[in-house]
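Here is a short briefing to read alongside the structure. It takes up a helix, the cysteines and a patch on the surface.

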Amino acid sequence: MTTLFGFNGAPSSGWSQPVPIREDPLSGIPMSARRASLPRWPRASEPELVRHYTLLSQRNFGIDTGFYPLGSCTMKHNPRLNERIVQMPGIDRIHPLQPDHQVQGLLSIYYEMQEMLAICAGMDAVTLQPVAGAQGEFTAIRCIQEYHRSNDQAHRDKVIVPDSAHGTNPASASMCGYDIIEIPSGQDGRIDLEALKSAVGDDTAAMMITNPSTLGVFERDIAEAASIVHEAGGQMYYDGANFNAILGKTDPGRMGFDAVHYNLHKTFSQPHGGGGPGSGPIGVKSHLSEFLPSPLAARRERDENDPLGVDDGYWYFWEEPGSTIGKVQQWNGNAGAVVRAWAFYRRYGHELERMSEHAVLNANYLRHKITKPASIGNQAGAFTEGAPASVVKHEFTLNMTPLKEQNGVTAKDVAKRLLDYGYMAPTLYFPQIVPECLMFEPTETESKEVLDKFATDFLEILSEDADTLKTAPHTTFVKRVDEVLAARQLILKYPFE
């Protein structure tokens, strides 16, 4: 084994170390701050470390390695041009505490992104600070909360959510101190207006809902629902997780929403997964804008005598909203995600409506390929939940209960078997109102050939014997694990023993 050596002949820690500038690099460190012994961590040479992480990457599944139909999470292709832009020195080598006149380029990108997001959602103001969808939810509900308090309406302590809502919706509202009122969905998977009318009152602070819903169906009565909530004095909050399905066709502002969060890491192709990185900006109507977290990117016309001005005649700067709720994230949010999303928006801005059309087309095409074959009833009896009439939007949910009743094979078994065929499993057991469900979202970036092959392989899996499915996956590095045990007994340290 070849070992690289660093200071004093000791093995290096995974990188080629340069010759020290000083003869004694520790001379400037007081004895009280020095280790008495080397830390107990694995020591490896640079090639060993590179091989280790390369091997780990080969064991992972990602959107760059195969079809990733994860319902609700919109795992689409990320154009490599965005990566080149975000790595430009004027973007990735600046410090968040640099003065405004030194970061005019980034400030102008932030300003443009705020304006573009406001336009596409029908909002009046946007903050880019939240770094996740859930943090965007929390931020928007906090703005609504401060709005009610400013109007002497602090007694409003209820937030309404449908039973098909993302779990982060009630969690975010609860973190703000609100009580949650859950209302059921109708037989068609859409909101039950009569249940909503019974739930609203003078204690209603807001309603949180996404449109299209988690079931992939469009809420046709959303304007009436907004009217019901507004008449009761509440605010309407739009969960933007499914914004990919309506962009360019309609917007939350037209539907009657007062606040919205965007998932830049879904709709606008910021890479995500494994817990991040993400970006969850929020947009609000004008009556909520003064409560947005600070700072916001702003601009004014440049003074001709100002030597720090820029060529387009505008000066960009950070400003504080009047009654801001403060910061919800350090610095100015996830700048890398914002820049990637800005690059995507600038490149495809005129085609965003076509993007949504293709996302909806792909979802309906794949749904048809999976559910329409005559043999499907004998193989699995899978059917689309919540969309009885004609089309879903950008995703669809299959109820696999008939397959379980037929031979004991669960939705989880089918999901595990898909891994053997080279696909990432779709979302499993969500939304919870559909038993034994799988939720698929092919996105607009997949070709017809990919969807055809996936449908063929999916139907092939449904025809396999039960034992093969119940013991899947068979070809992955890690086979089926005890997920409960893994969650309760985490291994978080290196096993020196």
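The expected span of a helix is 1.5 Å times one less than its number of residues. With that rule in hand, welcome to this predicted model. Helix α4 makes a good starting point, since its end C-alpha atoms lie 26 Å apart, in agreement with the 26 Å that its 18 residues should span.

**Helix α4**
- Helix α4 covers residues 104-121, and its expected and modelled spans agree at 26 Å.
- Of the 18 residues of α4, 14 are buried, so the helix is largely enclosed by the rest of the structure.
- Gly 122 follows α4 and has a positive phi, near 70°.

**Cysteines**
- How many disulfides does a search of the whole structure find? The search finds zero.
- Cys 176 is in no disulfide, as the nearest cysteine sulfur, that of Cys 143, is 9.5 Å away; a disulfide needs the two sulfur atoms within 2.5 Å.
- Is Cys 176 buried or exposed? Cys 176 counts as buried because its relative accessibility is 10%, and the cut-off for buried is under 20%.
- Cys 73 is partly exposed, with a relative accessible area of 27%.

**A nonpolar patch**
- Phe 477, Val 478 and Val 481 make a nonpolar surface patch of about 300 Å².
- Where is Val 481 found? Val 481 sits in the loop between α17 (466-470) and α18 (483-488).
- Val 481 has a relative accessible area of 43%, so this residue is partly exposed.

Technical notes: Residues are numbered from 1 along each chain as its sequence is written. This is a predicted model: local features need pLDDT of at least 70, side-chain atom pairs count only at pLDDT 80 or more; totals for chains, interfaces and linings use all residues. Side-chain values use heavy atoms; hydrogens and water are left out. Patches are made of residues with over 30% relative accessible area and no salt bridge: like charges are joined within 9 Å, nonpolar side chains (Val, Leu, Ile, Met, Phe, Trp, Tyr) within 5 Å. Accessible areas come from the Shrake-Rupley method with a 1.4 Å probe; for residues, only the protein chains shown count as cover. A salt bridge is a side-chain nitrogen of Lys or Arg within 4 Å of a carboxyl oxygen of Asp or Glu. Helices (H or I, at least four residues) and strands (E, at least two) are DSSP runs, numbered from the N terminus. Buried means under 20% relative accessible area, exposed over 50%, partly exposed in between (1.4 Å probe, protein chains only).
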